[in-house]
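Me: Give me a close look at a single part of this one, please. Keep it chatty, but spell out your cut-offs.

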Amino acid sequence: MGDTQITDAKKRYSAGVLKYRQMGYWVPDYQPKDTDVLCLFRITPQEGVEPEEAAAAVAGESSTATWTVVWTDRLTACDSYRAKAYRCEPVPNAPGQYFAWVAYDLILFEEGSIANMTASLIGNVFSFKPLKAARLEDIRIPVAYVKTFKGPPTGLVVERERLDKFGRPLLGATTKPKLGLSGRNYGRVIYEGLKGGLDFMKDDENINSQPFMHWRDRFLYVMDAVNKAQAVTGEVKGSYLNVTAGTMEAMYERAGFARELGSVVVMVDLVIGWTAIQSMAEWCRRNDMVMHMHRAGHGTYTRQKNHGVSFRVIAKWLRLAGCDHLHAGTAVGKLEGDPLTVQGYYNVCRDSYTKTDLPRGLYFDMDWADTKKVMPVASGGIHAGQMHQLLDLFGDDCILQFGGGTIGHPQGIQAGAVANRVALEAMVKARNEGVDLLLEGPEVLRKAAQWCGPLKAALDTWGDVTFNYQSTDSSDYAVTPAVA
Ligand SMILES: O=C(O)[C@H](O)COP(=O)(O)O
Ligand SMILES: [Mg+2]
């Protein structure tokens, strides 16, 4: 018996163990349908396992197969239900690694459920012994499936209208220290930041309801600060109230209290899980609330290039699941992120139609079918001295968040916020006047600092701080291959 699909029914369905290719999970001449879910996996087969067999195994284990032939396949439309590995190629400059393309028929998935989609695509298959490692690099979700998800509760366009803020990135800050402040002191930090010119303040990912500050205290003091800052500045302000909790009931209770107090935004952490995220998105939609998503925990499975799930896939799932803000990397800050790869994440948050873009790690075209847009958030170790790079990398439709880079300002929190607002406004003005931000950005900052003491102090304190480390996850295609 060879390594290709066995078509003789008696041989194919006799009890025993067959190769996945023999069972029909490797179909090199398969033409993907417009309605198929397409996945690109990076696989590292064990020694002695042929790449096509490994690709077929991935297709099998993530769809209908098990390790042995089961006659019950014949009670189903198994020929169409089987996922099909249809292409397998060595990864450039990565010995032992292969890209495997797999197509899944739409019938394999429940509508509107990321939990269901992920249970197939990243279910058992990542622990499968014939593979040393596997990574889901990218996914094409077809329009027919996209339309079964509601997506962001508010969306980027409506959020700007509600906030009445246009033509520039929004500005925020994460309250620091991450843990330990009492409600009253916490509220003071919020007020200072908002009064100084930020649009948003933000709870940190791990602030929930600890002994030093019960969640109700936090919400009360934060909203008192938000209201006062709105009154003195005349601008709409918000503070992401983190409602992450141990149960859905507790999260609904906290979100309900945030709404009662007049908050425009609540926040959850990625660690609450797909079903909880979709439930909270439903709640936000019903209650006209912006939903901020902190991607806490993602680095445990997105960061290493040879194993896990790329953040671009997580970002696509989160846009469908429904969040309005999503932490998507900074490139220049303290957290992992190659600039082009991070731009790829931003693009899938905001695209109407995602085009294949290999240098940015985007392997498929994908039509978002008018799914609302997510506001990507740059947060993690950024400061005013990087404003030109941030604006150049990410454009206007994003949120720039400076936690330490606001709270740690030598002249105080309000001065930190002023420095960031002035740096941003100066940079947007320069960009709009045609200045080349990368070439002349530092000079724009220096000039603005002549008239703004807080910005000068920020640049003096942090201007030289960089985080220049080798990225663990950059594209395998540094430049787009030439098109003949
Ligand atoms: O949750 C976050 O986004 C980070 O804690 C940001 O903090 P930083 O700006 O001080 O790095
Ligand atoms: Mg944080």
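Reply: First, a bit of vocabulary: a residue is buried when its relative accessible area is under 20%, exposed when over 50%, and partly exposed in between (1.4 Å probe, protein chains only). This is a predicted model, where local features need pLDDT of at least 70 and side-chain atom pairs pLDDT 80 or more, while totals for chains, interfaces and linings use all residues; side-chain values use heavy atoms, without hydrogens or water. Residues are numbered from 1 along each chain as written, with chains lettered from A and ligands numbered from 1 in written order.

Cys39 counts as buried because its relative accessibility is 0%. A search of the whole structure turns up 0 disulfides (cysteine sulfur pairs within 2.5 Å). For Cys39, the nearest cysteine sulfur belongs to Cys88, 15 Å away.

Now for the part worth lingering on, the ligand. Ligand 1 has 14 residues around it (a heavy atom within 4 Å), and the closest are Lys176, Lys334, Ser379, Gly381 and Gly404. By class, that shell holds 1 nonpolar, 8 polar and 5 charged residues, with Asp, Glu, Lys and Arg counted as charged, Ala, Val, Leu, Ile, Met, Phe, Trp, Tyr, Cys and Pro as nonpolar, and the others, Gly among them, as polar.

Which side chains put an N or O atom by a ligand oxygen, using a 3.5 Å limit for polar contacts? Glu205 does so at 3.1 Å, Lys334 has a polar side-chain atom 2.8 Å from an oxygen of ligand 1, and for Ser379 the distance is 2.5 Å. Taken alone, ligand 1 exposes 320 Å² (Shrake-Rupley, 1.4 Å probe), and the protein buries 92% of that.

Key. A polar contact is a pair of N or O atoms within 3.5 Å; within protein, one must be able to donate a hydrogen and the other to accept it, and residues adjacent in sequence count only if both atoms are side-chain atoms.
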